[in-house]
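Welcome! Here are some exercises to work through with the sequence and the structure side by side. Try each task yourself before you read its solution.

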Amino acid sequence: MCSSGDGILPLLLLFVDKIVLLLVGSFLSYEIRQASLMSFGDSRQVIITIYNIIIFGACGLILMLLLESAPTSLYIFTSALVIFCTSISMATMFLPKVCGMTPFSQFKRTYK
């Protein structure tokens with residue numbers, strides 16, 4: 001398994017960067033939520049997606065620390081976690097739009 005002599009500093013910087021991006025995304029989603037335009041009505045889905053990423057990121061971090069000595073298992077679980085998180089995030093963002101496009105949908109929205 002590869003290792004670095006730098007210790008935990010590069011990993012810590014990577015996580016701090018991602019946490020700052022998630023906080024900025026949460027703030028922008030909260031601010032957009034109060035807009036009256038119908039085309040900005042996705043703030044609820046964005047918030048759910050951000051929570052999803054935070055939860056799966058925390059699970060990935062725990063798995064990374066627990067399975068450090070088994071790189072094959074770590075790779076399998078991390079890959080599955082990334083694919084699952086991405087799939088749920090995309091479904092959260094785009095399924096309401098696709099359901100709204102069907103001709104007999106109860107969830108039809110009018111965009112201006």
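The exercises below go from the whole chain to single residues, and they rest on a predicted model.

**Exercise 1. The chain as a whole**

Find how many helices and strands the chain has, and what share of its residues is buried.

*Solution.*
- Step 1: Count the elements. The chain has 3 helices and 0 strands.
- Step 2: Read them in order. Starting at the N terminus, the pattern is α-α-α.
- Step 3: Look at burial. Of the 112 residues in the chain, 15% are buried.
- Step 4: Turn to the contacts between residues at least 6 apart in sequence. Among these, 67% link residues at least 24 apart.

**Exercise 2. The largest pocket**

Work out which helices line the largest pocket and what kinds of residues they bring there.

*Solution.*
- Step 1: Begin with the volume. The largest pocket holds about 660 Å³ of space.
- Step 2: Find its centre. The lining has 22 residues, and Phe-15, Ile-53, Phe-56, Gly-57 and Ala-58 are the closest to the centre.
- Step 3: Name the elements. Helix H1 (9–33), helix H2 (43–66) and helix H3 (71–101) each give two or more residues to the lining.
- Step 4: Look for the largest share. H2 supplies it, with 8 residues.
- Step 5: Sort the lining by class. It has 16 nonpolar, 5 polar and 1 charged residues.

**Exercise 3. The length and bend of H3**

Check whether the ends of H3 lie as far apart as its residue count suggests, then locate the kink in this helix.

*Solution.*
- Step 1: Work out the expected span. H3 has 31 residues, and at 1.5 Å a residue it should span 45 Å.
- Step 2: Compare this with the model. The end C-alpha atoms of H3 are 44 Å apart, so the two values agree.
- Step 3: Look along the helix for a bend. There is a kink of about 40° at Phe-94, shortly before the proline Pro-96.
- Step 4: List the buried residues of H3. They are Leu-74, Leu-81, Cys-85, Ser-89, Thr-92, Met-93 and Gly-100.
- Step 5: Think about spacing. An α-helix has 3.6 residues a turn, so residues three or four places apart point the same way. With that in mind, look again at the list, which includes Cys-85, Ser-89 and Thr-92.

**Exercise 4. Two residues of H3**

Decide for Pro-96 and Thr-92 whether each is buried or partly exposed, using the rule that buried means under 20% relative accessible area.

*Solution.*
- Step 1: Place Pro-96. This residue belongs to helix H3.
- Step 2: Apply the cut-off. Pro-96 has a relative accessible area of 34%, so it is partly exposed.
- Step 3: Find its partners. Setting aside neighbours within four places in sequence, Pro-96 touches Gln-45 and Ala-91. The C-alpha atoms of Pro-96 and Gln-45 are 9.0 Å apart, although 51 residues separate the two in sequence.
- Step 4: Repeat for Thr-92, which is also in helix H3. Its relative accessible area is 18%, so Thr-92 is buried.
- Step 5: List the contacts of Thr-92. Beyond neighbours within four places in sequence, they are Gln-45, Ile-48 and Thr-49.

**Exercise 5. Three residues of H2**

Classify Asn-52, Gly-60 and Cys-59 by the same 20% cut-off for burial, and see what each faces.

*Solution.*
- Step 1: Take Asn-52, a residue of helix H2. Its relative accessibility is 9%, so Asn-52 is buried.
- Step 2: Find the contacts of Asn-52. Apart from neighbours within four places in sequence, they are Cys-85, Ile-88 and Ser-89.
- Step 3: Take Gly-60, also in helix H2. With a relative accessibility of 19%, Gly-60 counts as buried. Its C-alpha atom is 9.7 Å from that of Ser-79, which is 19 residues away along the chain.
- Step 4: Take Cys-59, in helix H2 as well. Its relative accessible area is 36%, so Cys-59 is partly exposed. The C-alpha atoms of Cys-59 and Thr-78 are 9.3 Å apart.

Definitions and conventions. Residues are numbered from 1 along each chain as its sequence is written. This is a predicted model: local features need pLDDT of at least 70, side-chain atom pairs count only at pLDDT 80 or more; totals for chains, interfaces and linings use all residues. Side-chain values use heavy atoms; hydrogens and water are left out. On a 1 Å grid over the protein atoms alone, a cavity is a set of points where a 1.4 Å probe fits but cannot get out, and a pocket is an open set with protein on both sides within 12 Å along at least five of seven lines; lining residues have an atom within 4 Å of a point. Grid points are joined across faces, edges and corners, and a volume is the space filled by probe spheres set on the points. Helices (H or I, at least four residues) and strands (E, at least two) are DSSP runs, numbered from the N terminus. Ala, Val, Leu, Ile, Met, Phe, Trp, Tyr, Cys and Pro count as nonpolar, Asp, Glu, Lys and Arg as charged, and the others, Gly among them, as polar. Buried means under 20% relative accessible area, exposed over 50%, partly exposed in between (1.4 Å probe, protein chains only). Contact means heavy atoms within 4.5 Å. The expected span of a helix is 1.5 Å times one less than its number of residues. The bend at a residue is the angle between axes fitted to the seven residues ending there and the seven starting there.
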